[in-house]
Amino acid sequence: GFGFWRSAPSGDESVTILAIRRSWPQVWQMRFHDPALLPYYLMMKAWSTLVPSAPALRLPSVLAMSVMIVVVMKMVADFTSIRVSILAGVITLIMPSVTLFAQDARPYAFTGLFACLSVRFWLMRTRSPRTVHVVLLTSCLVAGILMNAYSAALLLVLLVGATVLRQQAAPKLLRATLIASIASSLAVLPFLLLVLRYARGQVSAPAVSLRSMAYIVAAFPAGVLKPWLAPAFAVLALTLCGAGAVVTLRWPSVRVRPLTVVSLIWLIVPPMALTLIQIVLDKPTLLARYWQFCLPAVSILITFFLVRVMAWRPNTALIACGLLVLLALPTQIFLRSEDGHDGARWESLPAVLASVDLRALPISMNSSALDGLLVYDHGQYRDRLFIRRSAAKSGLVAPVLSAPDSRVMVRAARREGGLIAYQSRTKSSSMPTASDFGRLVDVHAGRYALRVSCNYFGDSLGIFGVQRHMRDLSAFAEMAREIELRAHGHARCIVLE
């Protein structure tokens, strides 16, 4: 998490930042339009009250992921040795997904932490019938589900594991697991019903297909697949994980059997269950971050495979470890860069909009793109007109826009002699063109493509000037040069005639 102090937020982090800027009653009102993350927002609101520094916003995720790695090491040490547990910690640290979510102001690091703690206390219950283990297991299950409702799939993991191990484990393991599962389910039932009623989920989650599944499975350990060698790392990590699963099945060790059994189930059951939920209930579950709480199982299985290979051929195991580090390195560097959060370069957009020629123009922004910009709002945008599909969260003048022929858009363009349009989650070809506006008003437009390169919010920025306005083509050319300069190389401007 060495990049956690960087202030440029990702698209999702922008929503977190805007949420915690609200008052406590306003945050509580979010239960009607973003209930799935309400417990996380309340926690981060409390954190920001105590530690108001902007860079500290990612610190809770860093701490959560750090503790998660320690818990993974402790689980492995309980069934093997200190040396093997250190290797498990190193393998976990190598994973770019761990770095990504450790420096992300979102709940996924906490989801992983509580999943590991739940498995840890369940494993302790397999060895000792103490009631305190069941109480701690129930508490961690509840906390994990509150951070991410999809982590309720961990209940299936523990129930299947208890069924498989009921003969070799401490007495009444299955009953204890059932008690913890029922108690945690009842505790979070109001929350789950609220989520089921009001949550919309990721609106752009991919449909179930071989292509989407391949992408998500690859992004599961790699975090992002943009950097050079990231796909190769994903292939190697998943290959070693699969080999670890085969090795543990063919050459089982009695001593580590509880950990290997639960790791295999942990890796397989939740992704299958979440995929089935999307197929049957049409809920968006095919996103790598929703599966993140299963990532420790990958590290554990890779560790067991490397330990087995090291006993046979030590040099081969060292080569495999070296390859993992080498292939992960470009992604680890990328994640710590300015562009590390899926290419969210929102910090360049306010600089562009501060251009003298653009300062007075109304701004049209689509969907959650406005959230990303408002993170940088210190009052300079309050007197400008924002047009968006949903005005629910902005608190600004935000008439509903359903098409480029919106009367509000036309009036705005006529009033100020131009309009700025930022199009999110679309191809640049979907940006309204000069001819689109030409049907409504006389438009002489300069169209600028701002290369935000952002998976969340798209990459098109258009500046449209009304015909017979004082600006001419030379003014647009000057504007283009200024925008490219202010965007520090992130913008490519084209003046359309």
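Does lysine 172 count as buried or exposed, and at what relative accessibility? At 53% relative accessibility, lysine 172 counts as exposed, because the cut-off for that class is over 50%. The model in which this residue is placed is a predicted one. Lysine 172 belongs to the loop between helix 9 and helix 10, the latter spanning residues 173–198. Its backbone deserves attention too: phi of lysine 172 is near 60°, a positive value in a residue other than glycine. Most residues other than glycine have a negative phi. Leucine 229 likewise has a positive phi, near 75°, and is not a glycine. The place of leucine 229 is the loop between helix 11 (210–222) and helix 12 (230–250).

The wider setting of these two loops is a protein with 20 helices and six strands. Of its 497 residues, 56% are buried. Among contacts between residues at least 6 apart in sequence, 72% join residues at least 24 apart.

The charged pairs come next. Side chains of opposite charge can pair when their charged atoms come close. A search of the whole structure finds three salt bridges. In one of them, glutamate 13 pairs with arginine 58, with the closest N and O atoms 2.7 Å apart. Glutamate 13 is part of helix 1 (residues 11–20), whereas arginine 58 sits in the loop between helix 3 (38–50) and helix 4 (59–79), so this salt bridge ties together parts that are 45 residues apart in sequence. Glutamate 13 is buried, its relative accessible area being 2%. Arginine 58 is also buried, with a value of 5%.

Aspartate 78 takes part in a salt bridge with lysine 74, where the closest N and O atoms are 3.6 Å apart. Both residues lie in helix 4, four residues apart, which is about one turn of the helix. Lysine 74 is partly exposed, at a relative accessible area of 41%. Aspartate 78 also forms a salt bridge with arginine 120, and here the closest N and O atoms are 2.1 Å apart. This pair links distant parts of the chain, since arginine 120 lies in helix 7 (residues 108–127) and aspartate 78 in helix 4, 42 residues apart. Arginine 120 is buried, with a relative accessible area of 14%. Through shared partners, the salt bridges join Lys74, Asp78 and Arg120 into one network.

Helix 7, which holds arginine 120, can next be followed to its contact with helix 9. Two packed helices are described by the angle between their axes and the distance between the axes. The axes of helix 7 and helix 9 (residues 154–165) come within 11 Å and cross at roughly 20°. Helix 7 is therefore roughly parallel to helix 9, because angles under 35 degrees fall in that class. The crossing in which helix 7 passes helix 9 is right-handed.

Which residues meet where helix 7 contacts helix 9? From helix 7 come Ala115, Ser118, Val119 and Trp122, and they meet Leu154, Leu158, Gly161, Ala162 and Leu165 of helix 9. By character, the residues of this contact divide into seven nonpolar and two polar, with no charged residue among them. The loop that holds lysine 172 lies between helix 9 and helix 10, which returns the reader to the exposed residue of the opening question.

Technical notes. Residues numbered from 1 in each chain as written. Predicted model: local features only at pLDDT ≥ 70, side-chain atom pairs only at ≥ 80, totals over all residues. Heavy atoms only, no water. Salt bridge = Lys/Arg side-chain N within 4 Å of Asp/Glu carboxyl O. Buried < 20%, exposed > 50% of the residue type's maximum accessible area, 1.4 Å probe, protein only. Axes fitted to C-alpha atoms, helices over the stretch in contact; angles between N-to-C directions. Parallel < 35°, antiparallel > 145°, perpendicular 65-115°, else oblique. Left-handed = near helix turned anticlockwise from the far one by under 90°. Contact = heavy atoms within 4.5 Å. Nonpolar A, V, L, I, M, F, W, Y, C, P; charged D, E, K, R; others polar.
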